[in-house]
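The following exercises concern the pairing of strands in a predicted model. Please study the sequence and the structure before working through each solution.

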Amino acid sequence: MQALWKLALEPIAETLADPNSYGFRPERSTADAIEQCFITMARRTSSEWVLEGDIRGCFDSFSHSWLLEHIPMDKTVLRKWLEAGYIDEGSLFETRMGTPQGGIISPVIANMALDGLEAAVYASVGATAIARQKFKLNVIRYADDFVVTCASKDVLESCVLPATRRFMADRGLELSEEKTRITHISEGFDFLGQNVRKYGSKLLIMPAKKSLKSLLDKVREIIKGNASVTQEMLIRQLNPVIRGWAMYHRHIVAKATFSLIDSHIWRLLWKWAKRRHPTKGARWVKQRYFRVNGQRSWNFATKESADSSTGDAWLFRASTVVITRHVKVRGPANPFDPEWTTYFARRRASKRSVRLPGASPWC
C-alpha cells in the first residue's frame with residue numbers, strides 16, 4: 001500500500017520540491033549536492049560563511065498534525081500509518097510523532113515536509129531576488145542535512161537561523177544546538193562525507209577525515225576477522241568495500257587520498273600475510289601473496305590455477321579509479337514532466353558513455 005501511494009505522491013513531490021534538494025529523489029544524488037557546493041562557493045566573490053544545519057531526530061520527530069494537514073493523500077490511510085506504532089522484543093509501542101518506521105514512503109513524506117526551506121531562508125532577508133543576490137544566499141539540502149551559504153555572518157545569525165528554526169518548529173522539528181554551527185569557508189565543513197574548504201582563493205572538496213577513518217576501520221575489521229580464510233575469500237570481502245568508497249568520492253579531489261588508502265591497506269595485508277607464516281621469510285611471503293602487474297609488483301592477488309573456475313582474484317586498488325567531474329542535474333528538472341524527458345534521456349546516455357574517448361558533458 002505504501003508503494004502504491006509513493007507512486008502517486010512522488011510526481012507531486014517532484015513538482016513542488018525545492019530546486020536544490022537532492023536526497024531521496026529520482027535522478028539526483030549526493031554528487032549533485034556536492035557539485036552545487038562547488039558552484040556556489042568556488043568563485044573569489046562567493047559566499048564566505050556557511051550555516052551547517054542538523055535536524056535532531058528528523059524522521060522520528062515530524063508533527064502528525066502537520067503531516068495530516070499538508071500531505072495530499074487519503075487522511076485515514078496516512079493516520080493509520082503514522083499511528084501504527086512499532087514492535088520491539090514482542091512489545092507494541094505507540095508512535096505519537098514521526099513518519100512510519102522503515103516505511104518506503106517515509107522519505108517522500110519527509111521531503112514534502114521539508115520543501116519550502118529555501119523559500120523561508122530567502123524570505124528572511126527580503127522577498128526580492130535582489131536581496132538574495134546581495135547576501136549571496138544559497139540553500140543546499142540532502143534529505144535532512146542542509147547548508148546555507150551567505151556573505152555575512154550577522155545575517156545568518158540574526159535572520160536565517162531564526163527563520164530556519166521557525167520553519168522547523170511548524171513541523172515539529174528542532175535544530176541540534178551542538179551540531180548546528182556557522183563556519184567560515186576557510187575553516188571548512190563536512191557535508192555528506194566530504195570536506196569543503198577554501199585554501200586562499202581555491203576551493204577544494206576532499207574526502208572527510210571521518211569518512212576516511214570509517215573506511216580504514218572497516219577494512220581493518222575485515223582483515224582481523226578473517227585471519228584464517230583463504231586469500232581469495234578475503235579479497236572478495238574487501239573489494240566491494242574499497243570499490244564502493246572510491247566510486248563515491250571519484251568526483252572530487254581524492255587522488256592523493258586514494259593512494260594513501262592503498263598504502264594503508266597494503267600494510268594491513270602484509271601483516272596479515274606474515275602472521276600466517278611466521279617461519280617464512282619476507283621473499284617467500286611476497287611470492288606467495290603478491291603478483292606483478294605491469295610496473296607494479298605488489299598486487300595482492302591469488303596465483304594462477306588451472307583448476308580454478310573463478311579465475312584469479314585481485315585486490316581492487318582505489319588509485320585505479322579515475323577522477324571525473326560530475327555534471328550537476330539542473331535545478332528545475334522534473335523526471336515526471338514530459339518537457340524534461342529528452343534531457344534525462346540524454347543525461348543517462350552521457351553517464352553510460354562517460355568512459356568512452358571523446359565523451360563530453362552536455363548539460
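**Exercise 1.** Determine how many bridges join strand 8 to strand 9, and in which direction the two strands run.

*Solution.* Begin by locating strand 8 at residues 194–199. Between strand 8 and strand 9 there are six bridges, and the two strands run antiparallel. One such pairing can then be checked: Asn195 has Met206 in strand 9 as its bridge partner.

**Exercise 2.** Establish the order of the strands in the open sheet of three strands, and explain why one side of strand 7 and of strand 9 is left without a neighbour in the sheet.

*Solution.* The order is 7-8-9, and the pairing is antiparallel. Strand 7 (189–191) and strand 9 (202–207) stand at the edges; each has a single partner strand, and therefore one side of each lacks a neighbour in the sheet. From one strand to the next, the twist averages 30°.

**Exercise 3.** Identify the strands to which bridges join strand 1, and give a bridge partner in each.

*Solution.* Consider strand 5 (residues 145–150): six bridges join strand 1 to it, and the two run antiparallel. Here Glu52 is bridged to Val147. Next consider strand 6 (residues 181–184), which is joined to strand 1 by four bridges, again in an antiparallel arrangement. In strand 6, Thr183 is the bridge partner of Val50.

**Exercise 4.** Decide whether strand 1 is largely enclosed or largely open.

*Solution.* A residue counts as buried when its relative accessible area is under 20%. In strand 1 (residues 49–54), five of the six residues are buried, so the strand is largely enclosed by the rest of the structure.

Notes. Residues numbered from 1 in each chain as written. Predicted model: local features only at pLDDT ≥ 70, side-chain atom pairs only at ≥ 80, totals over all residues. Heavy atoms only, no water. Buried < 20%, exposed > 50% of the residue type's maximum accessible area, 1.4 Å probe, protein only. Pairing = 2+ DSSP bridges. Axes fitted to C-alpha atoms, helices over the stretch in contact; angles between N-to-C directions.
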